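Biologist: I would like to learn how to read a model of this kind, feature by feature. Could we take one residue at a time before turning to the whole chain?

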Amino acid sequence: MKKTILNQMKLIFPSNSENESLARICISGFVIKLDITPEELADIKTAVSEAVTNCIVHAYKTEPGYITLEAKYRSDGNIYITITDKGCGIPDIALAMTPFYTTDKDSERCGMGFSIMKSFMNSLKVKSAPGKGTRVSMRKKLGMIK
């Protein structure tokens, strides 16, 4: 059965730290009309916040860039969220997804970003190439939490 897109959005914004809250507000506005539970909303906002923060903190560490947030709600009851940057990229995705691994050992970062995203969503995929950027794709089946 073909999954029809029922609604979608695309938002492009600079990698300024204050835009992390913009991303959370926009994704909340997009999903709130889908009759989701407060827990599902909190899960989605947290996952998006982590992904956007990773772009701001890690991808564009040396110079600012742009972050793209895309969301699609499909007829299968899933929301698909993609967050893309054109920053420094990740040389070893498996290592980066290891809990507590961080390249920023001098900061307050704990290396749990991908683990948090994975725990709040039903699926998480990361594609990246050094010097070209990273794409984080997440899916959440709505209506699972009652």
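Modeller: Let us start with I83, which counts as buried because its relative accessibility is 1%, where buried means under 20% relative accessible area. Please keep in mind throughout that this is a predicted model.

Biologist: Where does I83 lie, and with which residues is I83 in contact once its neighbours within four places in sequence are left aside?

Modeller: I83 belongs to strand β3, which covers residues 78–85. Its contacts beyond those sequence neighbours are with V48, A51, V52, C55, I67, T68, L69, T134, R135, V136 and M138.

Biologist: How should I read separation along the chain against separation in space, for instance for I83 and F100?

Modeller: It helps to set two pairs side by side. I83 and F100 are 17 residues apart along the chain, and their C-alpha atoms are separated by 22 Å; M9 and C26 are also 17 residues apart along the chain, but their C-alpha atoms are separated by 9.3 Å. M9 lies in strand β1, residues 5–14, and, leaving aside neighbours within four places in sequence, M9 touches C26 itself as well as I27, F30, L69, E70 and A71.

Biologist: C55 appeared among the contacts of I83, so how many disulfides does a search of the whole structure find?

Modeller: The search finds zero disulfides. For C55, the nearest cysteine sulfur is that of C88, at 9.9 Å, and this distance is too far for a bond, because a disulfide requires a pair of cysteine sulfur atoms within 2.5 Å. As for their surroundings, C55 is buried, at 4% relative accessibility, whereas C88 is partly exposed, with a relative accessible area of 42%.

Biologist: What is the general idea behind reading the backbone angle phi, and what is its value in D35?

Modeller: In general, most residues other than glycine have a negative phi. In this model, D35 has a phi near 55°, a positive value in a residue other than glycine. D35 sits in the loop between α1 (19–31) and α2, and D35 is exposed, with a relative accessible area of 72%.

Biologist: For a helix, how does one read which way its residues point?

Modeller: The general idea is that an α-helix has 3.6 residues a turn, so residues three or four places apart point the same way. Turning to helix α4, residues 113–120, the buried residues there are G113, F114, S115 and M117. Their cover includes α2 (38–59), α3 (93–96), β4 (123–129) and β5 (133–141).

Biologist: What pattern do the helices and strands follow along the sequence?

Modeller: The protein has four helices and five strands, and their order is β-α-α-β-β-α-α-β-β. Its radius of gyration is 15 Å, close to the 15 Å that the globule rule gives for 146 residues, so the protein is as compact as a globular protein of that length. Along the principal axes, the C-alpha atoms fill a box of roughly 45 × 30 × 30 Å.

Biologist: And how would you summarise burial, contacts and charge for the chain?

Modeller: Buried residues make up 44% of the 146 residues, and, of the contacts between residues at least 6 apart in sequence, 65% join residues at least 24 apart. The protein exposes about 8,400 Å², of which carbon and sulfur atoms supply 54%. There are 21 positive and 15 negative side chains, with the centres of the two sets 10 Å apart.

Definitions and conventions. Residues numbered from 1 in each chain as written. Predicted model: local features only at pLDDT ≥ 70, side-chain atom pairs only at ≥ 80, totals over all residues. Heavy atoms only, no water. Helix = DSSP H or I, 4+ residues; strand = E, 2+ residues; numbered from the N terminus. Rg over C-alpha atoms; globule rule 2.2 N^0.38 Å. Buried < 20%, exposed > 50% of the residue type's maximum accessible area, 1.4 Å probe, protein only. Contact = heavy atoms within 4.5 Å. Areas by Shrake-Rupley, 256 points an atom, 1.4 Å probe, with all protein chains shown as cover. Lys, Arg positive; Asp, Glu negative; His and termini not counted. Charge placed at Lys NZ, Arg CZ, Asp CG, Glu CD.
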